[in-house]
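I opened this notebook to keep track of what I looked up in one structure, entry by entry.

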Amino acid sequence: MSANSADVNDVQGDLKGEVEVEEPAPVLDILYQDEYLVAVNKPSGLFVHRSYLDRHEKYFALQLVRDQVGQYVYPLHRLDRPTSGVLLFALTQDVARLMGEQFTENRIQKTYLSMCRGFTPDSGEIDYPLKEKLDKLGDKYVSEDKPAQEAVSHFQTLAQASLPIPVGKFPTVRYSLVKLKPKTGRRHQLRRHMAHLRHPMLGDINYGDNKQNPFFGEHFGFRRLMLHAWQLDFQHPITDKKVNIRAPLDSQWQQVMQSLQWQNPDSNV
């Protein structure tokens with residue numbers, strides 16, 4: 001073999017070594033499945049479907065669920081990218097229409113868990129109208145003068161904890177674990193309502209605390225929105241039976257719960 005041939009082989013070997021090994025697609029936990037519906041536990045950071053914000057993203061919940069169940073699926077509602085938890089799809093167009101009516105008429109009970117700054121009241125109702133949040137591209141034809149829409153949320157404090165560490169103007173860090181039930185479906189409703197109460201959610205870069213968020217990330221070792229779509233309750237559109245779907249808390253949530261000595265709400269259900 002000539003010197004030139006050896007050089008070529010060396011170069012080819014180097015190029016082969018530089019080829020990136022493609023990461024396998026994530027496998028989502030299926031929480032519920034029958035011939036009409038499928039629900040998964042969406043991880044924080046995953047988009048539901050493609051949008052103008054996701055140019056560098058490779059995987060989306062809709063695509064992953066479609067591939068896992070082996071058929072086309074119809075998304076029934078949205079979860080923001082940083083929100084984890086129950087995400088429901090229909091398996092037929094007719095079921096998607098029937099479930100869409102339930103969502104539109106607020107006949108589906110959504111229950112969320114959130115970690116908020118400060119000590120929240122024991123319970124209460126937030127009745128605070130919200131101006132519609134518009135996307136620069138998707139909502140460019142919607143009037144910005146549209147009046148605020150009715151928005152109602154119920155909340156219940158499940159646990160509280162404090163750390164003897166000063167952050168910003170506060171001598172200690174205080175956290176609350178809050179169960180939230182929206183009665184209406186405005187965009188970012190729960191995040192905006194808790195910020196309105198002066199108890200913003202941890203990790204909320206849009207409405208949160210710019211001193212508490214960095215501390216939270218450094219103290220617990222990760223950065224994310226602490227909002228989890230915990231449960232969906234509804235009447236099955238075909239069988240008419242009551243359906244309860246619950247998404248267990250992920251490892252990051254459990255890490256925080258253990259650190260603050262909070263009981264995992266999953267153990268009480």
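The entries below go through the core, the empty spaces, the aromatic rings, the backbone and two residue pairs.

**Entry 1: the model and its core**

I note at the outset that this is a predicted model, and I read every entry below with that in mind. I began with the nonpolar core, since in soluble globular proteins nonpolar side chains tend to be buried together. The largest nonpolar core has 28 residues, and within it the most contacts are made by Val 65, Val 73, Phe 89, Leu 180 and Met 201. I then looked up which elements give two or more residues to this core, and found strand S2 (37–42), helix H2 (61–69), strand S4 (84–90), S5, S8, H4 and strand S9 (227–235). Helix H2 has the largest share of the core, with five residues.

**Entry 2: the cavity**

Next I searched for enclosed space, and the structure turned out to hold one cavity of 30 Å³ or more. The volume of the largest cavity is about 40 Å³. Its lining consists of His 77, Leu 79, Val 86, Lys 110, Tyr 112, Ala 229, Gln 231 and Leu 232. Which element gives the most to the lining of the largest cavity? I found that S9 does, with three residues, while S5 and S9 are each listed as supplying at least two. By residue class, the lining of the largest cavity divides into five nonpolar, two polar and one charged.

**Entry 3: the second largest pocket**

I turned from the cavity to a pocket, and recorded that the second largest pocket holds about 590 Å³ of space. Its lining has 22 residues, of which Arg 78, Lys 110, Tyr 112, Gly 185 and Arg 186 are the closest to the centre of the pocket. Helix H3 (93–104), strand S5 (109–117) and helix H4 (189–196) are the elements that give two or more residues to this lining. The lining of the second largest pocket divides into seven nonpolar, nine polar and six charged residues. Reading back, I noticed two residues that I had already written down: Lys 110 and Tyr 112 also line the largest cavity.

**Entry 4: aromatic rings**

A search of the whole structure gave me five aromatic pairs. One of them joins Tyr 72 and Tyr 74, which meet edge-to-face, 4.9 Å centre to centre and with 80° between the planes. Tyr 74 is partly exposed, at a relative accessible area of 25%.

Why is the pair of Tyr 175 and Phe 220 called tilted? The ring centres lie 6.3 Å apart and the planes stand at 50°, so the pair is tilted. I also checked where the two rings come from: Tyr 175 belongs to strand S8 (residues 173–182) and Phe 220 to helix H5 (residues 212–220), so the pair ties together parts that are 45 residues apart in sequence. Tyr 175 is buried, with a relative accessible area of 0%, and Phe 220 is buried as well, at 6%. Both are members of one aromatic cluster, which is made up of Tyr 175, Phe 216, Phe 220 and Phe 222.

I added one charge to this entry: the charged end of Arg 174 sits over the ring of Phe 119, at 4.7 Å from the ring centre.

**Entry 5: positive phi**

Most residues other than glycine have a negative phi, so I looked up exceptions. His 188 has a phi near 60°, a positive value in a residue other than glycine, and its place is the loop between S8 and H4. Is His 188 buried or exposed? At 14% relative accessibility, His 188 counts as buried. Gln 261 also has a positive phi, near 60°, and lies in the segment after helix H6 (251–259). Gln 261 is exposed, with a relative accessible area of 73%.

**Entry 6: pairs apart in sequence**

Finally I looked up two C-alpha distances that start from loop residues. Ile 165, in the loop between strand S7 (152–163) and S8, is partly exposed at 28% relative accessibility. Ile 165 and Phe 215 are 50 residues apart in sequence, and their C-alpha atoms are 9.9 Å apart in space. Glu 132, in the loop between strand S6 (123–127) and S7, is partly exposed too, with a relative accessible area of 33%. Glu 132 and Lys 146 are 14 residues apart in sequence and 7.5 Å apart in space, C-alpha to C-alpha.

Terms used. Residues numbered from 1 in each chain as written. Predicted model: local features only at pLDDT ≥ 70, side-chain atom pairs only at ≥ 80, totals over all residues. Heavy atoms only, no water. 1 Å grid on protein atoms, 1.4 Å probe; cavity = no way out; pocket = protein on both sides within 12 Å on 5 of 7 lines; lining within 4 Å. Points joined across faces, edges and corners; volume = space filled by probe spheres on them. Helix = DSSP H or I, 4+ residues; strand = E, 2+ residues; numbered from the N terminus. Nonpolar A, V, L, I, M, F, W, Y, C, P; charged D, E, K, R; others polar. Phe/Tyr/Trp six-rings, centres within 6.5 Å; stacked < 30°, edge-to-face > 60°. Buried < 20%, exposed > 50% of the residue type's maximum accessible area, 1.4 Å probe, protein only. Lys NZ or Arg CZ within 6 Å of the ring centre and 35° of its normal. Core = buried A, V, L, I, M, F, W, Y, C linked by side-chain atoms within 4.5 Å.
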